[in-house]
Amino acid sequence: MAGRDEIVAYANELLEIERFPEFAPQGLQVVGAPEVTTIACGVSCSRELFERAVDLGAELVLVHHGLFWRNEPLVVDSRLRGRLEALFRGDASLVAYHLALDAHPTLGNNAQLAARVGATPVGPFEVVGLGCTIDAVPVDDLAARVADAVGRAPLVLHGSDREIERLAVSTGAAGHDLVRAAHEGYDALLTGEPEEPSAATARELGIHLIAAGHHATEQFGAQALAAHLAERFDLAWHYVDVDNPV
């Protein structure tokens with residue numbers, strides 16, 4: 001058992017949340033029980049996630065995508081009410097880390113995905129992504145590695161016949177960074193979601209795009225952080241996988 005506030009303070013410092021100001025508070029978003037024995041983690045808030053977490057006995061739920069977003073109305077509708085009721089039923093706290101969890105050099109979504117496909121980070125790409133090197137690999141072979149890692153076949157937009165040696169990794173919805181990745185000399189961008197212009201951009205700039213799903217590419221950071229916290233504070237932890245094809 002460990003104190004909720006001690007766990008949250010440690011995670012906040014570990015992820016350096018002050019470096020990534022956002023609309024919503026990073027860290028504690030819903031206050032529940034002051035003592036924690038079990039963490040449940042998932043990618044995104046949902047009533048299903050919270051109900052399953054509470055059924056697992058979790059006093060703390062850790063997610064990447066929290067309750068609040070700047071493009072949503074500030075009203076407690078039936079969706080938000082149902083989520084809160086599920087947390088309140090189990091007196092469970094909600095902790096959320098967005099960009100800070102993308103960016104962490106070892107526990108972050110980008111670092112975790114890069115490691116799983118055999119890429120070595122050498123520096124930053126954009127705000128939270130990673131620029132990586134990789135032993136020369138055809139794009140379709142790298143796409144197969146991605147599929148094995150995330151559990152689904154990615155969309156591949158071919159840009160040329162060249163093999164990939166420089167790879168930009170930016171999980172989630174980073175298709176808009178394809179032009180910048182090409183201008184910075186990367187052979188491919190690995191992300192979650194493409195954008196409509198991505199196909200033409202890939203062909204015209206000669207850069208590959210591998211898009212493996214927003215949810216799928218961001219499933220590893222929350223797990224890595226939950227496992228780290230569980231080890232440090234001697235807690236149980238569970239990953240709650242709520243299916244999401246996006």
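The axes of helix H2 (residues 47–55) and helix H3 (residues 78–89) come within 8 Å and cross at roughly 5°. Axes here are lines fitted to C-alpha atoms, for helices over the stretch in contact, and angles run from 0 to 180 degrees between N-to-C directions. Angles under 35 degrees count as roughly parallel, over 145 as roughly antiparallel, 65 to 115 as roughly perpendicular and the rest as oblique; H2 and H3 are therefore roughly parallel to each other. On the H2 side the contact (heavy atoms within 4.5 Å) involves Arg47, Phe50, Glu51, Val54 and Asp55, and on the H3 side Gly82, Arg83, Ala86, Leu87 and Arg89. By class, this contact has four nonpolar, one polar and five charged residues. Ala, Val, Leu, Ile, Met, Phe, Trp, Tyr, Cys and Pro count as nonpolar, Asp, Glu, Lys and Arg as charged, and the others, Gly among them, as polar.

I should state the basis of these remarks. This is a predicted model, in which local features need pLDDT of at least 70 and side-chain atom pairs count only at pLDDT 80 or more, while totals for chains, interfaces and linings use all residues. Residues are numbered from 1 along each chain as its sequence is written, and side-chain values use heavy atoms, with hydrogens and water left out. Helices (H or I, at least four residues) and strands (E, at least two) are DSSP runs, numbered from the N terminus.

I turn to the sheets, where two strands pair if DSSP finds at least two bridges between them. One open sheet has five strands in the order S2-S6-S5-S4-S13, with mixed pairing. Strand S2 (27–30) and strand S13 (236–239) are at its edges with a single partner strand each, so one side of each is left without a neighbour in the sheet. From one strand to the next, the twist averages 30°. S5 and strand S6 (residues 93–96) run parallel, joined by four bridges, and Val63 stands opposite Ala96 in S6.

The other open sheet to consider has six strands, ordered S7-S8-S10-S11-S12-S9, again with mixed pairing. Its edges are strand S7 (120–125) and strand S9 (155–157). Here the twist averages 25° from one strand to the next. S9 and strand S12 (residues 208–211) run antiparallel and are joined by three bridges; Val156 has Ile210 in S12 as its bridge partner. Helix H6 (residues 139–150) packs on this sheet, and its direction makes about 120° with that of strand S8 (129–137). S7 and S8 form a hairpin with three residues between them, and Glu126 in the turn has a positive phi of about 55°.

What, then, of the interior: which residues touch the most other members of the largest nonpolar core? Among its 27 residues, they are Ile7, Ile39, Leu62, Tyr97, Leu225, Leu229 and Leu235. A nonpolar core is a set of buried Ala, Val, Leu, Ile, Met, Phe, Trp, Tyr and Cys residues joined through side-chain atoms within 4.5 Å. Buried means under 20% relative accessible area, exposed over 50%, partly exposed in between (1.4 Å probe, protein chains only). Helix H10 (220–233) is one of the elements that each supply at least two residues of this core, and its seven residues are the largest share. Apart from this core lies another, of 23 residues, including Ala119, Val150, Ile210 and Ala216.

Finally, Gly175 lies in the loop between strand S10 (164–169) and helix H7 (178–183). At 5% relative accessibility, Gly175 counts as buried.
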